[in-house]
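Reader: I have a few questions about how things are labelled here. Please keep the answers short.

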Amino acid sequence: MKYPKIREIKEAVISLVSPAYTTSFPKKPHKPYKDYRGKPVVDNDNCVGCETCANVCPPLAITFEDDREKGIRTIRRDYGKCIFCGQCQEHCITGKGVKLSDEIYDMASYDRTDNVEYQEKELLLCKNCGAIITTKEHYVFMHKKLGPKAYSSILNLNVLNDKLKLSAKDEAEVDIHDELKRKDMFNVLCPNCLHEAQKKNF
Ligand code: SF4
Ligand code: SF4
């Protein structure tokens with residue numbers, strides 16, 4: 001019993017004269033270590049709303065909601081649930097849509113909604129049945145990524161069609177109101193409707 005007690009007294013004395021091991025946050029800002037994994041930060045210009053990050057997020061901190069009527073996809077990122085694993089950054093298809101920052105201590109809040117962020121992306125819908133194909137930005141991204149190989153897909157060709165002006169604000173009204181015809185295969189269709197249009201006689 002004698003030696004442990006001496007050791008404990010020695011440690012107590014050292015602690016008294018040593019600087020505090022813990023930080024003074026929030027009195028002083030927290031200085032993270034190199035490669036510290038903190039809050040993921042989205043770069044909306046490089047995020048195409050593809051849903052990949054939501055599919056790899058372990059605690060389901062990222063969720064998507066599609067509104068067909070408005071043609072809008074809403075992305076919700078709840079950093080109160082985030083475990084800072086970095087999977088969203090690792091698997092982001094553009095490589096630049098989301099990156100982990102070194103911010104984490106400053107996320108402390110009494111209101112959970114302070115750590116929820118939203119984005120909105122315009123959807124690409126089938127002109128015949130209204131099925132969701134993906135977001136327009138996602139489609140344009142894939143098209144650029146594929147380069148000349150994009151021409152092997154008829155949908156890609158149609159997206160390229162100037163008349164459709166998919167990436168422009170004043171998109172032409174090209175919805176199909178009558179029965180699906182073979183010529184409609186040159187419109188923006190989901191795979192099911194495209195298949196149906198290709199089966200039609202001229
Ligand atoms: S860091 Fe991990 S937990 Fe946080 S949003 Fe990204 S994938 Fe989800
Ligand atoms: S994976 Fe990247 S591009 Fe796709 S929604 Fe997530 S952040 Fe955006």
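Reader: What makes up the shell around ligand 1, by class?

Author: In this predicted model, that shell has nine nonpolar residues, two polar ones and no charged ones. Pro40, Cys57, Pro59, Ile62 and Phe84 are among the residues around ligand 1. Gly86 and Gln87 also belong to this shell. Gly counts as polar by the class rule.

Reader: Where does ligand 1 sit?

Author: Ligand 1 sits in the largest cavity. To sit there, more than half of its atoms must lie within 2 Å of the cavity's grid points.

Reader: What about ligand 2: which cavity does it take?

Author: Ligand 2 takes the second largest cavity. There are 13 residues around ligand 2, and Cys47, Val48, Cys50, Cys53 and Cys92 come nearest. By class, the shell around ligand 2 has eight nonpolar, three polar and two charged residues.

Reader: Why is Cys53 called buried?

Author: The cut-off for buried is under 20% relative accessible area. Cys53 has 8%, so Cys53 counts as buried.

Reader: Is Cys129 buried, exposed or partly exposed, and why?

Author: Partly exposed lies between under 20% and over 50%. Cys129 has 43%, so Cys129 counts as partly exposed.

Reader: How many disulfides does a search of the whole structure find?

Author: Zero. Take Cys129: the nearest cysteine sulfur is that of Cys193, 3.7 Å away. A disulfide needs two cysteine sulfur atoms within 2.5 Å. Set against that cut-off, Cys129 is in no disulfide.

Notes: Residues are numbered from 1 along each chain as its sequence is written. Chains are lettered from A and ligands numbered from 1 in the order in which they are written. This is a predicted model: local features need pLDDT of at least 70, side-chain atom pairs count only at pLDDT 80 or more; totals for chains, interfaces and linings use all residues. Side-chain values use heavy atoms; hydrogens and water are left out. A residue is near a molecule or strand if one of its heavy atoms lies within 4 Å of it. On a 1 Å grid over the protein atoms alone, a cavity is a set of points where a 1.4 Å probe fits but cannot get out, and a pocket is an open set with protein on both sides within 12 Å along at least five of seven lines; lining residues have an atom within 4 Å of a point. Buried means under 20% relative accessible area, exposed over 50%, partly exposed in between (1.4 Å probe, protein chains only).
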